[in-house]
Amino acid sequence: MGSTATDRGRFYAEVAAEFRQHYRCGPRFVAVTGVPEADAAGAADALAEALRAAGDTVERVSVTADTAADAFRAEVVAPSRTREGVLVVDGPGLLAPEFRGFWNFSLWVEHDPERSPDWSFVATGRKDPLGAPREVASVLLDDADPARPRRLFADSC
């Protein structure tokens, strides 16, 4: 099966539970990024809401394409390392090599209204044109129907 669909609240509650299973305490960092057509900010807001509902203290930050990794580290990551809670960040390029080491967990958001519910790169026989960002993300999802995000699986497992 290539994807699963569910209602928005339950979907993000399940992603939050998956994150919390592995990262229970201390300063924790989540990146939410994806294709330009996707609503990464909306996905980050929904995940932050689910994490708060589960009892976490959450800070939300958005970055732009011109945000430099060194400045982000100094201005956002370093101060957050001294606090208990989850920093949820959305923006373009957050899974690029210069940002990759900041994150405990990450979401890659697709937006393809024509995608089959059984989609996967394995099922289609296609090679991933974006490569590394999708390969390093903890969770892949499609937000073509914002009320029913779908989890995607791009591996061969």
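R151 is buried, at a relative accessible area of 16%, which is under the 20% limit for that class. The model in which R151 sits is predicted. The side chain of R151 meets that of E18 in a salt bridge, with N and O 2.8 Å apart. This pair links distant parts of the chain: E18 belongs to helix α1 and R151 to strand β7 (residues 150-152), 133 residues apart. E18 has 23% relative accessibility and therefore counts as partly exposed.

The chain around this pair has 157 residues, of which 46% are buried. Its secondary structure consists of 6 helices and 7 strands, arranged along the sequence as β-α-β-α-β-α-β-α-β-α-α-β-β. Of the contacts between residues at least 6 apart in sequence, 82% join residues at least 24 apart. The accessible surface is about 8000 Å², and carbon and sulfur atoms account for 52% of it.

The structure has 10 salt bridges. One of them joins E84 and R28, with the closest N and O atoms 3.9 Å apart. E84 lies in the loop between α3 (69-80) and β4 (85-90) and R28 in strand β2, so this salt bridge ties together parts 56 residues apart in sequence. The two partners fall into opposite classes: E84 is exposed, with a relative accessible area of 52%, whereas R28 is buried at 3%. A further salt bridge, between R73 and D70, has an N to O distance of 2.8 Å. Both residues lie in helix α3, 3 residues apart, or about one turn of the helix. R73 is partly exposed at 37% relative accessibility, and D70 is exposed at 57%. Salt bridges with shared partners also join R20, R28, D56 and E84 into one network.

R28 has further partners. Its place is in strand β2, which covers residues 27-34. The side chain of R28 reaches the backbone oxygen of G26 at 2.9 Å, and a polar atom of that side chain lies 3.4 Å from the backbone oxygen of R24. Beyond its neighbours within four places in sequence, R28 is in contact with several residues, including F19, Y23, D56 and N104.

F19 leads on to the aromatic residues. The whole structure contains 8 aromatic pairs. F19 and F105 form an edge-to-face pair, 5.3 Å centre to centre with 65° between the planes. This pair also links distant parts of the chain, with F19 in helix α1 (residues 8-22) and F105 in strand β5 (residues 105-110), 86 residues apart. Both F19 and F105 are buried. Elsewhere, ring pairs link F72, F99, F102 and W103 into a cluster.

Notes:
Residues are numbered from 1 along each chain as its sequence is written. This is a predicted model: local features need pLDDT of at least 70, side-chain atom pairs count only at pLDDT 80 or more; totals for chains, interfaces and linings use all residues. Side-chain values use heavy atoms; hydrogens and water are left out. Helices (H or I, at least four residues) and strands (E, at least two) are DSSP runs, numbered from the N terminus. A polar contact is a pair of N or O atoms within 3.5 Å; within protein, one must be able to donate a hydrogen and the other to accept it, and residues adjacent in sequence count only if both atoms are side-chain atoms. Contact means heavy atoms within 4.5 Å. Rings of Phe, Tyr and Trp (its six-membered ring) pair if their centres lie within 6.5 Å; planes under 30 degrees apart count as stacked, over 60 as edge-to-face and the rest as tilted. Buried means under 20% relative accessible area, exposed over 50%, partly exposed in between (1.4 Å probe, protein chains only). Accessible areas come from the Shrake-Rupley method with a 1.4 Å probe; for residues, only the protein chains shown count as cover. A salt bridge is a side-chain nitrogen of Lys or Arg within 4 Å of a carboxyl oxygen of Asp or Glu.
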